[in-house]
Amino acid sequence: MPTTERKAFKSEDMVLSMGPQHPSTHGVLRLELRTDGEVVELATPHIGYLHRNFEKHAESVPYPGIIPYTDRMDYVAAMNNELGFCLAVEALFDRGGKTIKIPEKAQYIRVIVAEMNRIASHLLAFGTYGLDTGAFTPFLYAFRDRETVLGLFEEICGARLLYNYIRIGGVVKDLTPDFHHKLRDFLDYFEPQIDVYNKLLTDNMIFLGRTRGVGVFTAEQALSYGWSGPNLRGSGVKWDLRKEEPYCVYDRFDFDVPIGVNGDCWDRYKVRMDEMGESVRILRQALDQMEERGLLEDTVVMAKVRGTIRPPAGEIYSRTETPRGDLGYFIKSDATDTPERVKVRSPCFTALSAMEEISRGCLVGDLIAIIGSIDIVLGEIDR
Amino acid sequence: MSKRVERTSPAVQVRLDVRHPASTTGVSVDYDEIYEHLRGRFGTEVVLEHVQSDLTDPKKPIVFDPPQILIRPDTIAEVSAFIRDDDGLQMGSLMCVSSLDRGDVLSVVYHTHSMGLRHRAAMRVDVVRSDPVVPTVEQIWPTANWHEREAHDLMGIVFEGHSDLRTLILPEGWEGHPLRKDYKVQEYYRGMRVPY
């Protein structure tokens with residue numbers, strides 16, 4: 001309804017509290033809604049329920065000890081969080097002229113686990129987004145297939161969610177001998193499954209009705225609010241750090257960067273669905289290249305790093321592409337074994353900061369669709 | 001970057017047209033040029049220093065990546081508006097706002113990035129511990145809103161002119177700023193013992 005028409009029917013404002021234990025808020029987030037009838041005039045997010053002050057902890061823990069803490073930020077894509085931190089510390093060494101040479105096999109393993117985790121994370125986003133919009137079945141499909149990925153992770157590092165697998169200088173353990181067969185089997189099974197998901201949810205009329213044209217965020221709005229990852233690409237900006245600022249061996253793979261057109265909820269959702277297909281492509285190429293380069297027989301996955309890790313003094317900002325967007329680490333080192341300051345630039349934090357802007361004038365029911373579509377993880381927002 | 005976005009309001013202005021070919025690493029490393037450009041525009045009164053890596057002693061290297069351009073605190077909003085709108089800089093995105101405790105001074109570091117020109121720069125302001133006031137850059141990059149609220153909570157930096165400097169992450173009425181080096185946990189919070 002146009003604003004002027006709505007004003008004619010203006011009723012008394014009502015303040016509603018949504019959360020902190022509301023099933024659609026994906027964690028402990030509270031939204032304070034000021035509503036006029038069914039229309040949201042202002043949605044103010046209240047965060048901090050999961051605040052553990054990771055940044056303060058990091059100041060008193062040696063560098064390798066910080067990695068498990070990074071797992072606990074974005075706990076559905078822990079591998080990507082570890083990778084970002086390790087790359088930042090390695091970059092500190094590198095810029096100071098003390099380069100740690102990461103074994104080639106470890107480079108490939110890092111890409112493989114990061115992309116597997118991206119699939120697992122996007123599956124969770126897909127499943128829960130179905131729940132948010134009223135479809136229960138996709139959730140069960142998503143969790144069934146996510147289980148396989150978590151099973152593979154369990155095989156290589158013993159943990160299903162919080163891995164502590166990627167370390168400064170490489171990865172902690174080699175892949176199991178039949179890992180690449182199992183992963184190939186999974187990819188062969190999984191690729192056609194994406195079409196099944198699309199049939200289940202993406203093209204579903206009710207789902208389209210709930211998400212098409214809802215929560216539109218233009219490219220310029222998205223950029224000014226520092227959006228990144230699938231949210232930014234949903235608004236039509238072709239920007240992916242794996243392409244723009246390649247790290248590890250991402251420049252050796254051929255993959256596309258899917259983008260949306262309208263910047264609505266459906267576009268953001270669809271970008272994630274398409275990205276799963278691209279991750280499959282990257283994983284296939286990574287396995288092929290490992291075979292071609294004879295890396296499967298290689299057993300060295302960790303560089304020779306001296307017992308205590310003391311990066312050169314200085315300050316560095318390094319960022320990587322996680323399933324939720326640019327994850328940045330700002331590290332200040334004073335050449336001792338603990339950092340003096342670690343600051344995390346969380347992609348969900350910046351995405352959620354646009355909540356007031358994106359939800360202005362939407363319906364209360366649509367608000368659920370909007371929160372689900374930006375795919376937030378509160379552990380990373382509150383840190 | 002295929003899509004050209006029309007500007008609607010100065011606050012959300014972003015340019016996406018690519019005028020320079022991307023460098024191989026994705027990051028243009030000519031930080032000196034950016035520094036000289038800023039210094040030429042604002043002079044030495046405002047652009048104080050270029051804090052760079054120092055690798056002369058291989059045993060004790062000092063790393064600054066990206067190098068930090070030290071700006072006089074009260075001019076940060078003006079400089080930010082310039083680097084966003086200037087044709088040669090086009091810093092359309094603010095990646096991160098970090099706060100640091102350096103002992104007698106508190107710093108705020110702004111990491112900015114240009115998607116159009118594919119370069120980045122870091123600006124830094126140092127403020128005295130007793131009176132840590134920095135003008136807000138929220139009207140230039142809306143994303144700074146929450147970053148500044150976070151820095152206000154955890155480091156106690158006051159962003160002058162900020163539209164909404166309420167507590168964001170800490171519980172309401174929490175005393176002290178946890179990320180300061182001299183932080184002591186309060187004994188009681190609203191009658192509850194800490195740690196409980």
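# Exercises on a predicted two-chain model

In this predicted model, 42 residues of chain B are in contact with 42 residues of chain A.

## Exercise 1: The side of chain B that touches chain A

Task: Find which elements give two or more residues to the side of chain B that touches chain A, and how its residues divide by class.

Solution.

Step 1. List the elements. Two or more residues each come from strand S2 (62–65), strand S4 (93–101), strand S5 (105–114) and helix H3 (144–155) of chain B.

Step 2. Pick out the largest share. S4(B) provides it, with six residues.

Step 3. Sort the residues of this side by class. There are 29 nonpolar, eleven polar and two charged residues.

## Exercise 2: A sheet with strands from both chains

Task: State the order of the strands in the open sheet that contains S2(B), and explain why one side of each edge strand is left without a neighbour.

Solution.

Step 1. Write down the order. The sheet has four strands, S8(A)-S7(A)-S6(A)-S2(B), and its pairing is mixed.

Step 2. Find the edges. S8 (341–345) of chain A and S2 of chain B each have a single partner strand, so one side of each has no neighbour in the sheet.

Step 3. Note the turn between strands. Ignoring direction, neighbouring strands of this sheet are turned by 20° against each other on average.

Step 4. Look at the pairing across the two chains. S6 (residues 313–322) of chain A and S2(B) run parallel and are joined by four bridges. Within this pair, Ile316(A) stands opposite Asp65(B).

Step 5. Look at a pairing inside chain A. S7 (residues 325–333) of chain A is antiparallel to S8(A), with five bridges between them. Here Tyr329(A) is opposite Val344(A).

Step 6. Add the helix. H4 (residues 78–95) of chain A lies across S6(A), S7(A) and S2(B), and runs at about 145° to S6(A).

## Exercise 3: The five-stranded sheet of chain B

Task: Describe the open sheet of five strands in chain B and the helices that lie across its strands.

Solution.

Step 1. Give the order. It is S1-S3-S6-S5-S4, with mixed pairing.

Step 2. Name the edge strands. S1 (47–51) and S4 of chain B pair on one side only.

Step 3. Give the average turn. Between neighbouring strands of this sheet it is 25°, direction ignored.

Step 4. Examine one pair. Ten bridges connect S5(B) and S6 (residues 119–128) of chain B in the antiparallel sense. Leu106(B) has Val127(B) in S6(B) as its bridge partner.

Step 5. Place the helices. H1 (residues 31–42) of chain B lies across S1, S3 (68–71) and S6 of chain B, at about 170° to S1(B). H2 (residues 76–85) of chain B lies across S3, S5 and S6 of chain B, at about 175° to S6(B).

## Exercise 4: Three helix pairs in chain A

Task: Decide for H12(A) with H15(A), H4(A) with H5(A), and H6(A) with H7(A) whether the helices are roughly parallel, roughly antiparallel or oblique.

Solution.

Step 1. Recall the description. Two packed helices are described by the angle between their axes and the distance between the axes.

Step 2. Take H12 (residues 265–292) and H15 (residues 364–373) of chain A. Their axes come within 9 Å and cross at roughly 30°. Angles under 35 degrees count as roughly parallel, so H12(A) and H15(A) are roughly parallel to each other. The crossing is left-handed. Cys265(A), Arg268(A) and Tyr269(A) of H12(A) make the contact with Ala369(A), Ile370(A) and Ser373(A) of H15(A).

Step 3. Take H4(A) and H5 (residues 104–133) of chain A. The axes come within 7 Å and the angle is roughly 140°. H4(A) and H5(A) are therefore oblique to each other. The contact residues include Leu83(A) of H4(A) and Val113(A) of H5(A). By class, the contact has five nonpolar, two polar and one charged residues.

Step 4. Take H6 (residues 137–157) and H7 (residues 179–202) of chain A. Here the axes come within 11 Å and cross at roughly 165°. Angles over 145 degrees count as roughly antiparallel, so this label applies to H6(A) and H7(A). H6(A) passes H7(A) in a left-handed crossing. Among the residues that meet are Tyr141(A) and Leu152(A) in H6(A), and Phe186(A) and Phe190(A) in H7(A). The contact of H6(A) with H7(A) has eleven nonpolar, three polar and three charged residues.

## Exercise 5: Chain A as a whole

Task: Work out how compact chain A is from its radius of gyration.

Solution.

Step 1. Count the elements. Chain A has 16 helices and eight strands.

Step 2. Compare the radius with the rule. The radius of gyration of chain A is 21 Å, close to the 21 Å given by the globule rule for 383 residues, so chain A is as compact as a globular protein of that length.

Notes: Residues numbered from 1 in each chain as written. Chains lettered and ligands numbered in written order. Predicted model: local features only at pLDDT ≥ 70, side-chain atom pairs only at ≥ 80, totals over all residues. Contact = placed C-beta atoms within 7 Å. Nonpolar A, V, L, I, M, F, W, Y, C, P; charged D, E, K, R; others polar. Pairing = 2+ DSSP bridges. Axes fitted to C-alpha atoms, helices over the stretch in contact; angles between N-to-C directions. Parallel < 35°, antiparallel > 145°, perpendicular 65-115°, else oblique. Left-handed = near helix turned anticlockwise from the far one by under 90°. Rg over C-alpha atoms; globule rule 2.2 N^0.38 Å.
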